[in-house]
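Trainee: Please take one part of this model and go through it closely. I would like to see how the strands are joined, and then a few places elsewhere for contrast.

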Amino acid sequence: MKLRPLIALCLALACLPPTAQAEEVLRLGLFAYRPPSVLRSQWQALADYLGQTIPGHKVELQILSQEEMDAAIRNNQLDFVLTDPTHFIHLRENSAMTGALATLARLEDGIPAPALGGVIVRRRERNELHQLADLRGKKVAAAGPVYLAGYVAQAETLRQQGIDIHELDIIFTGQPQEQVIDAVLDGRADAGFIRTGTLESLIHEGKLTPGQLDVINRQPLSGFPFVASTRLYPEWPFVAMPHVDPQLSRQATIALLTLNREHPAARAAGIQGFNIPADYSPVEQAMRDLRLPPFAAPPQFTWQDVWQRYRLFLLLGVGAALAISFLAIRLSLSNRKLNSARRQSESYADKLSQERGILKTLVQTLPNLVWLKDLNGTYMACNPAFEAFFGARESEIVGKSDYDFIERELADSFRANDRKALTADQPSINEEWVNMASDGRRILLETTKVPMRSESGEVLGVLGVGHDITERKRTNDELEQHRHHLEELVRERTRELVEARDRAEAANRAKSSFLANMSHEIRTPLNAITGLAYVMKRSGLPPQQDERIDKIERAGQHLLGIINNILDLSKIEAEKLALEESDFSPAAILGNIASMMAEHATAKGLALRVATDIPSTFWRGDQTRLQQALLNYTSNAIKFTEQGSVTLACRIIDDDPASSLLHFAVSDTGIGIAPDDLARLFEAFEQADSSTTRKFGGTGLGLAITRQLARLMGGDAGGESRPGQGSTFWFTVRLKKVATPQPLATPAVPEDPRQHLLHRHAGRRILLVEDEPVNREIALHFLREVHLQVDTADNGLAALRRVEASDYDLILMDMQMPEMDGLEACRQIRLLPKARHLPIVAMTANSFAEDRLNCLSAGMNDFLAKPVKPAVLFATLNQWLEQGR
C-alpha cells in the first residue's frame with residue numbers, strides 16, 4: 001500500500017502533455033444524496049485529482065439529482081458519473097451504457113467500507129418498533145423508490161421476511177437523506193430508510209446527537225464500520241459514458257485504482273479509494289424481485305415457453321396423474337368385486353397385492369425423490385432416491401419428521417409447503433435448495449406436492465415428488481443470460497481483459513517507481529559521502545590519504561552512475577523518459593567521445609580511432625542520450641580489450657526527405673563474446689559472465705538502456721562478436737534533417753565560481769534549510785568556505801519563521817522535511833511581501849524532471865540535485881546572487 005502514492009504520482013506525471021495546450025473540460029456527474037454544499041466539499045478534490053491525472057483535460061464536478069442526471073446523460077452533457085447502483089442498473093438497461101470503470105470504497109475511522117446497505121431507524125422512545133414485523137401499517141419515510149440503500153435494500157429485506165412493502169405507509173421525501181431523518185425526528189414518520197454511513201456522518205458533522213435514533217434489525221457485520229439493517233451490496237460505480245474515448249476511460253480507471261487513502265482527494269471524500277468493478281447482479285436481482293423499473297413489467301410467456309421450460313414436469317405430472325387415476329380405478333373395481341363376490345376375495349387380494357407390488361416397484365425405481373407424509377408431517381413411505389437425501393434407510397425414516405434429519409429453518413420451510421399443498425385444489429409446485437446427505441451435493445429440487453385423499457374426500461396426507469433440476473436451472477440461466485445479455489457479456493469480458501492488461505502495465509511501472517524512490521534514499525547519504533570527501537580533501541591531507549579520498553570520490557561517482565542507469569531504465573519502462581532535441585553533427589559527438597575516453601584508452605595502451613567517413617550533415621535529436629549510448633559502448637570496449645584498438649564509426653543506412661536512419665558502431669579487438677551470451681546481453685541486469693568469480697564488474701544495465709534509447713529514437717541496437725577476435729556493438733536512430741543548424745547559446749560563466757563568490761559576494765546572508773544533519777554540515781562547510789553568512793533551519797516551518805524575522809539574499813531549500821516540506825514552505829515564503837523576489841534554490845535528492853517542475857511551480861528559482869558538486873553549487877549561487885544585487 002505504501003507504493004500507491006508513488007504509482008499515482010508517476011502515472012499522473014507520465015500523462016502530462018509535452019507542451020501547454022488548451023484544456024478540454026470533462027464533466028463528472030455526482031448523484032446528490034446529501035446537500036450539494038456538503039458533497040462539493042467532499043468530492044471537488046477528486047474531480048481536481050482526475051483533471052491532474054488525465055493530460056490536457058479539466059474535470060468539472062456537477063452535483064445532480066437523478067432526474068437532472070438522466071436529462072444530462074440524454075443530452076450527452078456528462079462524460080463520467082458516480083451514482084447509486086440502482087441508478088446504474090437503470091441506465092445500463094435503458095441505454096448503450098458501458099460497464100463500471102471502478103467501484104467506490106469508503107472509509108470510516110480508518111476502516112474500509114467497500115460496500116453499502118440500508119438502515120432502518122426510529123426515534124429511541126418508540127420502543128414498540130422493535131423488529132421488522134412491527135413496521136406493518138406504520139408510516140415510513142424514504143428518499144425515493146429508486147435508491148438502493150434508501151429503499152431497495154430495505155424493501156428486499158422485508159420481502160425476504162415475508163413482509164410486503166405495500167403493508168407499510170411509505171412517505172417519499174426526496175433527497176438529500178437529511179429529509180428522511182427530519183421526518184422521523186419531527187414525528188411525520190414512525191421510521192425511516194437511509195443508507196449506511198449517513199447516521200455516522202450526521203453525528204460526525206454535529207447535525208445529530210448520539211442516542212436520538214435507534215436501528216431496527218441491526219445486522220452483525222464483522223469488520224464493516226457502519227450500522228446496517230440489511231445485507232450489503234456493492235458501493236457506487238464510477239461509469240464512463242458511451243461517447244467517452246476509450247483512452248480517456250483507461251486513464252481515468254488507472255487514476256481511480258491507484259488513488260491512495262492518504263491522498264488529499266481521498267481524505268476529503270472520506271474514502272479508501274476505488275476497487276475493480278464489483279458484481280452488481282445482486283442489485284439487479286433485488287430490483288427484479290421487487291418489480292422495480294426497468295423490471296416492473298412481468299415477463300411475457302407463451303404456451304410454447306411453458307412447454308419448453310416445464311416439459312419434463314408436465315410429462316411427469318401427466319404420467320403420475322394417469323398412474324394414480326389408473327390405480328384408483330383398479331382399486332375401485334376391486335372393491336366392488338369383493339363386495340359382490342366374497343368368495344373371490346382371496347383371488348382379488350392376490351391381485352391387489354400384485355398391483356401394490358407393481359406400484360411400489362414403480363416408486364422404488366423412479367429416479368426422482370418420492371415420499372409420503374401424514375397430516376402431522378410424519379413420514380409414511382419413501383423411495384431409495386429419497387433415502388440418499390436423508391442418508392438413512394426407509395425403515396429409519398418412516399415414523400419420523402423432517403426435524404429429525406435437517407436444520408430447523410429448512411424443516412419449517414418444508415412444513416409450510418406441506419400445509420400449502422394440503423389446502424390446495426391442485427398440485428403445489430416449488431423449488432428448494434437441499435444438501436444430499438449421501439454425498440454432500442447441493443441440488444435444486446423442483447417438488448410437486450399433492451394431497452392424498454380417501455374415497456370420502458378426507459385428506460390423509462401429502463404425496464411429494466422431487467426432481468433434480470440443478471443442471472436444467474443452470475442451463476436455462478445461462479441461455480437466458482446469453483439471450484438477453486450477450487452483448488453485455490462481450491463488453492464485460494473486453495473490459496476485464498483491458499483491466500488485466502492495465503494492471504500488468506501498472507505493476508511494471510510500480511517497479512520503476514520503487515527504484516526511483518530508492519534513488520532518493522541512496523542519493524541522500526551519497527551526498528554526505530562525496531561532500532565529506534570534498535571537505536577532507538580541502539583540509540589538506542598526506543598523499544596516501546589524499547589518494548584514498550580520490551578513491552572514495554570515484555566510488556561515489558560510480559555508485560551515482562549505477563543509480564542513474566537504474567533510474568533511466570525505470571523511466572523508460574514507466575514511459576516517462578522525454579527526449580530533448582537540439583542540432584548537432586555526428587562528427588562532433590564522436591570527437592567528444594574520443595576526447596573523453598582517450599586517457600582511459602592510453603592508460604591501457606590501446607589506440608582509440610574515429611572513422612574518417614563520418615557524415616558531416618547536421619541532424620536534430622537528443623545528442624545527450626546519443627552520447628550516453630556511445631559512452632557506454634566505448635567504455636565497455638576499452639574495459640574488455642587488452643591490446644589493439646577501439647574504433648568509432650557512423651554511417652547513413654536509410655534516407656528520406658525529412659529524416660535519416662543513422663548507424664553508430666563501436667568496434668574493438670577484445671576478448672569477444674560467445675553467440676549464446678550475446679543474445680541475452682541486451683536484457684536488463686544480464687552480463688556475459690555473471691558468476692561470482694568474474695573478472696569484470698558492472699550492473700548489466702548499460703546495453704539494455706542503449707537498446708531502449710535506440711528504440712525510443714526509432715531504431716534498434718545489437719552486436720556481432722567472435723570469441724578471441726573482438727566485438728562490434730551498434731545502434732540505429734532516426735533523426736530529423738536540419739537545413740540550417742541553430743547555434744547554441746553559451747552562457748557567460750565565471751572561470752572559477754569559487755573565487756568569483758569570494759570576490760563579489762563574501763558576507764552575503766544565506767538561509768540553509770536542510771533536515772539531515774550530515775548534509776546540513778557539508779552544505780555549511782561549502783558556504784562558509786566562500787565567506788557567506790549562513791543561518792540554518794531543519795524544516796520548512798522553521799525556515800518560514802527565519803524569513804519572517806530576518807532578511808536574506810538567497811535560500812537553499814530541501815524538499816522532503818518534517819512538519820512542513822520545502823514546497824509548502826516556499827509557497828508560504830512567497831506570500832511575505834519582502835520575499836516575493838527572494839531567490840530560492842531547491843537542493844534535494846528528488847532528482848526527477850517532475851521534481852524540478854514541482855519546485856519551480858511552487859515558486860523556486862532553480863534546482864540542484866544531490867549529490868551536489870561544489871563547483872555547480874558555487875556557479876548557481878553566483879548566478880542568483882548577481883541577479884539579486
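Mentor: What follows covers a set of paired strands, then a surface patch and a buried residue. The model is a predicted one. Start with strand β8, residues 139-142, which is joined to strand β9, residues 169-172, by 4 bridges, the two strands running parallel. Within this pairing, A141 of β8 has I171 in β9 as its bridge partner. Between the two strands the chain passes through helix α5, residues 148-160, and the resulting β-α-β crossover is right-handed. Strand β8 also pairs with strand β10, residues 191-195, again in the parallel sense, over 2 bridges. Here V140 is the residue to look at: its bridge partner in β10 is A191. As a general point, side chains in a regular strand alternate between the two faces of the sheet.

Now turn to the surface. W307, L314 and L315 form a nonpolar patch there, and together they have about 280 Å² of accessible area. Of these residues, L315 can be placed in helix α11, which spans residues 303-340.

The last place is T634, in helix α19, residues 623-639. Is T634 buried or exposed? Its relative accessible area is 0%, and because buried means under 20%, T634 counts as buried. Leaving aside residues up to four places away in sequence, T634 touches I593, M597, L608, L648 and V666.

Technical notes. Residues are numbered from 1 along each chain as its sequence is written. This is a predicted model: local features need pLDDT of at least 70, side-chain atom pairs count only at pLDDT 80 or more; totals for chains, interfaces and linings use all residues. Side-chain values use heavy atoms; hydrogens and water are left out. Buried means under 20% relative accessible area, exposed over 50%, partly exposed in between (1.4 Å probe, protein chains only). Contact means heavy atoms within 4.5 Å. Patches are made of residues with over 30% relative accessible area and no salt bridge: like charges are joined within 9 Å, nonpolar side chains (Val, Leu, Ile, Met, Phe, Trp, Tyr) within 5 Å. Accessible areas come from the Shrake-Rupley method with a 1.4 Å probe; for residues, only the protein chains shown count as cover. A salt bridge is a side-chain nitrogen of Lys or Arg within 4 Å of a carboxyl oxygen of Asp or Glu. Two strands pair if DSSP finds at least two bridges between them. A crossover is right-handed if, with the strands pointing away from the viewer, the path from the first strand over the helix to the second runs clockwise.
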